[in-house]
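Take a moment with the fold before turning to the details. The walk below starts from one helix and its surroundings, then moves to the metal site, the overall build and a few unusual spots.

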Amino acid sequence: MASLTLPRALYRALVEEARHSLPNECCGLLGGHGQAVKEILPAANALSSPTMFEIAPRELFELMRRLRNKQLQLVGIYHSHPAGDNAPSARDRERAYYPEAAYVIVSPAPEAPRPVRAFRLRGQEWDEWEVEVVD
Ligand SMILES: [Zn+2]
């Protein structure tokens with residue numbers, strides 16, 4: 001299983017953002033190098049929805065520019081699932097426009113066994129990646 005490396009402070013920040021965004025989904029980009037996340041770039045959920053997210057094209061453009069200015073790559077795209085399993089939905093697959101990126105799904109639920117999970121689309125199937133939290 002491939003893995004995504006996530007610093008502990010960013011792991012905590014993702015879970016906190018998912019909780020603060022309740023009842024809606026949060027979303028944003030993960031910048032870094034290869035499979036190592038170095039930075040979180042939060043975005044507004046343009047849909048303000050508990051079951052869907054969208055980053056407005058203008059904001060996405062801005063965030064991509066910030067990544068380039070910092071010489072970071074787009075490692076992943078994250079969003080939260082306020083209710084239910086933090087595994088990709090059918091809609092997530094339909095809208096996975098960046099197949100090179102890891103799709104990271106965060107659960108705000110205190111009882112979630114794995115609050116941050118990462119997936120990558122291979123054809124029509126999702127491969128789950130291990131999320132390696134590093135200090
Ligand atoms: Zn989703």
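Start with what covers helix α1. The cover over its buried residues includes β1 (3-7), β2 (27-33), β3 (36-43), β4 (73-80), β5 (102-106) and β6 (116-122). Helices (H or I, at least four residues) and strands (E, at least two) are DSSP runs, numbered from the N terminus. This is a predicted model: local features need pLDDT of at least 70, side-chain atom pairs count only at pLDDT 80 or more, and totals for chains, interfaces and linings use all residues. Residues are numbered from 1 along each chain as its sequence is written, and side-chain values use heavy atoms, with hydrogens and water left out.

Now look at α1 itself. The helix spans residues 8-20, 13 residues in total. From first C-alpha to last, α1 reaches 18 Å, close to the 18 Å expected at 1.5 Å a residue. That expected span is 1.5 Å times one less than the number of residues.

Which residues of α1 are buried? They are Leu10, Leu14, Val15, Glu17 and Ala18. These buried residues lie on the same side of α1, because they cover an arc of only 160 degrees around the axis. The arc is that of the directions from the helix axis to the C-beta atoms. On the other side of α1, Ala9, Arg12 and His20 are exposed. Buried means under 20% relative accessible area, exposed over 50%, and partly exposed in between (1.4 Å probe, protein chains only).

Glu16 also belongs to α1. With a relative accessible area of 48%, Glu16 is partly exposed. Its C-alpha atom is separated by 9.7 Å from that of Ser107, although the two residues are 91 apart along the chain.

Next, the metal. The zinc ion is coordinated by His79 (NE2), His81 (NE2), Asp92 (OD) and Asp92 (OD), at 2.0 to 2.5 Å. Donors are N, O and S atoms within 2.8 Å of the metal (3.2 Å for Na, K and Ca); water is not among the atoms, so sites may look incomplete. Along the chain, the donors follow the spacing H-x1-H-x10-D. Both His79 and His81 are buried.

Why is the arrangement around the zinc ion irregular? The four donor atoms subtend angles of 55 to 159 degrees. Four donors count as tetrahedral if all angles lie between 85 and 135 degrees; four count as square planar and six as octahedral if opposite donors are over 155 degrees apart and all others between 65 and 115; anything else is irregular.

Step back to the whole protein. It has three helices and seven strands. From the N terminus on, the order is β-α-β-β-α-β-α-β-β-β. The radius of gyration is 13 Å, which agrees with the value near 14 Å for a compact globule of 135 residues. This radius is taken over C-alpha atoms, and the globule rule is 2.2 Å times the number of residues to the power 0.38. Buried residues make up 43% of the 135 residues.

Finally, check the backbone. A cis peptide bond joins Leu22 and Pro23, with omega about 5 degrees. Pro23 sits in the loop between α1 and β2. Ser48 is not a glycine, yet has a positive phi of about 40 degrees. Ser48 is in the loop between β3 and α2 (57-69), and counts as exposed at 51% relative accessibility.

How values were computed. Contact means heavy atoms within 4.5 Å.
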